[in-house]
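Trainee: Please take me closely through one loop of this model, and then follow the chain outward from that loop to the parts around it. I would like one connected account rather than a list.

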Amino acid sequence: MNNYHTHTWRCRHAAGTDEDYVCMAIDEGFKKLGFSDHTCWNYRYTPFQQVRMELKDFSGYKRSIEELQKRFEGQIELLIGLEAEYFPDHMDWLLDFAVEQDLDYLIFGNHFLGDDDLNSIWSGEISKTQLSAYVDRCIEGMELGIFSYLCHPDLPMFSGRFEWDEEVEKEFERLCLAAKRLNIPLEYNGNGLLRNFEMNHEGYPHHKFWQLASRMNNKAIIGLDAHSPANLHRDLYEKCQSNLQELGIEIIDDLPLIDFQAIKAKRAG
């Protein structure tokens, strides 16, 4: 039982110390815990989106996890990663950063249509007419080859602004086909499942999306998307696992790791 989708207080919308997450994960029986806070970027300006780590905070983030790796060696395996967007103008920098900082992994969270500026649109509130652009952006990001999996692929279903129909299914089918072609797992999001229960509203994970993913023979990975240590519960993981097993979807528990150095060398050569 592993979780690679874990945030920290540095993104401004998560709580708890790094050690709190590790201790909870150990208590709940996790074998691996990956930290993947929202990526800091080398912005030339100050974005309005105060939802991610700042570049100046990364050194403390990495140092903290490295210290915890030493302290809890033999009890749990800890990995250092980031959850990143697909911002075309910044992707070369992100690859360089992953190499320079010796990151274990990157996961792809397509939260915005547009960069972090006043014109961006949160993917959880897009309209049906914008779904195609969301899927295009997911596919373009996955095709970079730097992401281990796609987080909450069904995020656009969150707001309930549109119902599932043939047109919506056709767009998500494009996403599932691309993920299958690229051998990229799709994330079944535990934090979203909790929110569905709390709000008595099905946003994401959306059963229609996962029925489609089952028919398309996509692989799934469970990400609890922990924004507090309390999210790291065995019961939540097992509920996600049970839902996927009922659909007959192959579950990937070990994160596919990317050789960032090899990708950089290939691009340079």
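**A loop and its surroundings**

Mentor: Proline 205 sits in the loop that links helix 6 (190-199) to helix 7, and since everything here is read from a predicted model, each value below should be taken as a computed one. The peptide bond that leads from tyrosine 204 into proline 205 is cis, with omega near -5°. As background, most peptide bonds are trans, and most residues other than glycine have a negative phi.

The second half of that background applies on the other side of helix 7, where asparagine 217 lies in the loop between helix 7 and strand 8 (219-223). Asparagine 217 is not a glycine, yet its phi is positive, near 60°. With a relative accessible area of 55%, asparagine 217 counts as exposed. Asparagine 183 offers another case, with a positive phi of about 60° although it is not a glycine, and its place is the loop between helix 5 and strand 7 (186-189).

Helix 5 and helix 7 also meet each other. Two packed helices are described by the angle between their axes and the distance between the axes. For helix 5 and helix 7 (residues 207-215), the axes come within 10 Å and cross at roughly 50°, and because of that angle helix 5 is classed as oblique to helix 7. The crossing of helix 5 past helix 7 is right-handed. On the side of helix 5 the contact is made by Glu169, Phe172, Glu173, Leu175 and Cys176, while helix 7 supplies Phe209, Leu212, Ala213 and Arg215.

One of these contact residues, Cys176, leads to the question of sulfur pairing. The structure holds zero disulfides, and cysteine 176 is accordingly in none, with the nearest cysteine sulfur, that of cysteine 138, 10 Å away. Cysteine 176 is buried, with a relative accessible area of 0%. Cysteine 11 can be described in a similar way: its sulfur is 12 Å from the closest cysteine sulfur, in cysteine 40, so the separation is too far for a bond. Cysteine 11 is buried as well, at a relative accessible area of 0%.

Cys138 itself belongs to helix 4, where the buried residues are Leu131, Tyr134, Val135, Arg137, Cys138, Ile139, Gly141 and Met142. The buried residues of helix 4 pack against helix 5 (166-182), as well as against strand 4 (105-108) and strand 5 (112-113). Helix 4 (residues 131-142) has 12 residues, and the 17 Å from its first C-alpha to its last is close to the 16 Å expected at 1.5 Å a residue.

Cysteine 23 gives a further view of the cysteines, and its place is in helix 1 (residues 18-28). At a relative accessible area of 30%, cysteine 23 is partly exposed. Although cysteine 23 and proline 229 are 206 residues apart in sequence, their C-alpha atoms are 8.5 Å apart in space. Helix 1 also has a helical partner: the axes of helix 1 and helix 2 (residues 58-71) come within 10 Å and cross at roughly 35°, in a right-handed crossing. There Asp18, Glu19 and Val22 of helix 1 meet Ser64, Leu68 and Arg71 of helix 2.

A left-handed counterpart is found where helix 3 passes helix 9. The axes of helix 3 (residues 91-100) and helix 9 (residues 260-268) come within 9 Å and cross at roughly 135°, which means that helix 3 is oblique to helix 9. Asp92, Leu95, Asp96, Ala98 and Val99 in helix 3 face Phe260, Gln261, Ile263, Lys264 and Arg267 in helix 9 across this contact.

Ahead of helix 9, isoleucine 258 is in the loop that comes after strand 9 (250-251) and leads to helix 9. Isoleucine 258 has 22% relative accessibility and therefore counts as partly exposed. Once neighbours within four places in sequence are set aside, isoleucine 258 is in contact with Gly145, Ile146, Phe147, Ser148 and Ile263. Isoleucine 258 and leucine 103 are separated by 155 residues in sequence but by 9.7 Å in space, C-alpha to C-alpha.

Key: Residues numbered from 1 in each chain as written. Predicted model: local features only at pLDDT ≥ 70, side-chain atom pairs only at ≥ 80, totals over all residues. Heavy atoms only, no water. Helix = DSSP H or I, 4+ residues; strand = E, 2+ residues; numbered from the N terminus. Expected span 1.5 Å × (residues − 1). Buried < 20%, exposed > 50% of the residue type's maximum accessible area, 1.4 Å probe, protein only. Contact = heavy atoms within 4.5 Å. Disulfide = S-S within 2.5 Å. Axes fitted to C-alpha atoms, helices over the stretch in contact; angles between N-to-C directions. Parallel < 35°, antiparallel > 145°, perpendicular 65-115°, else oblique. Left-handed = near helix turned anticlockwise from the far one by under 90°.
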